[in-house]
Amino acid sequence: MFRAAYRSLSGALTLTNLFKQTNIKIALKSNNTISQIFRPKATNSTPIYNKSGIYKLTFKTCQHVYVGQTSRNLKQRYQEHVRYIKNNDPESAFAQHILNNQHEYGTIEEIMKLHKPTNHTSMLIPYELFFIQSHHQHGQLISERNPGELNPLIQLGLDAIDTRDYLINNNRHDT
Ligand SMILES: [Zn+2]
């Protein structure tokens, strides 16, 4: 069997035609498969605000943040927060902070960021705790969202990020 690698699809097709008249069987191995060529460039096609997961809302006025999680999509959750503001509903700490400080809240594109997309509902709370504790330690979290007692397991995760750099640097042997 004859094996060849071709970068160009048209080149590969021409060569297949050439070998059609012969008894040589040709197996084409191309770096660009037909599906790859015709697939749109963006592989992650779901728009951010249609995803579920852990999100961050940044207050335009004071630059502090609110962290939340949702198993529905971000857009729905944003609209819900806005409804809480309009109805003067203390249900959401985000709405509370806006109302207490007479902040303006901003559009979804201005203030909402996806921290961690996930469809695994069991991971929503752990990741939310992780980002709340992280922002709290950097003094960015609003007081309405006080995490209370810090979770030692979450702390382990946060510290591991620094520890990993330490391990990588100390395992490097220069010979
Ligand atoms: Zn504020």
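What follows is a walk through one part of a predicted model, from a small sheet to the helix that packs on it and to a serine within that helix.

The sheet is open and consists of 3 strands in the order 4-3-5, with antiparallel pairing. Strand 4 (65-70) and strand 5 (112-117) stand at its edges, and because each has a single partner strand, one side of each is left without a neighbour in the sheet. Neighbouring strands are turned against each other by 25 degrees on average, when direction is ignored. Strand 3 (residues 53-58) and strand 5 run antiparallel and are joined by 5 bridges, and Lys56 stands opposite Lys113 in strand 5.

Helix 6 packs on this sheet, touching strand 3, strand 4 and strand 5, and its direction makes about 175 degrees with that of strand 4. The helix has 14 residues and reaches 20 Å from its first C-alpha to its last, close to the 20 Å expected at 1.5 Å a residue. Within helix 6, Phe130, Phe131, Ile132 and His135 are buried, and the buried residues of this helix pack against strand 3, strand 4, strand 5 and also helix 7 (152-170). Just after helix 6, Gly139 takes a positive phi of about 65 degrees.

Ser134 lies in helix 6 as well, which covers residues 124-137. Ser134 counts as partly exposed because 19 other C-beta atoms lie within 10 Å, whereas a residue is called buried at 20 or more. Ser134 and Ile154 are 20 residues apart along the chain, and their C-alpha atoms are separated by 8.9 Å.

Definitions and conventions:
Residues numbered from 1 in each chain as written. Predicted model: local features only at pLDDT ≥ 70, side-chain atom pairs only at ≥ 80, totals over all residues. Helix = DSSP H or I, 4+ residues; strand = E, 2+ residues; numbered from the N terminus. Buried ≥ 20, exposed ≤ 12 C-beta atoms within 10 Å, placed from the backbone. Pairing = 2+ DSSP bridges. Axes fitted to C-alpha atoms, helices over the stretch in contact; angles between N-to-C directions. Contact = placed C-beta atoms within 7 Å. Expected span 1.5 Å × (residues − 1).
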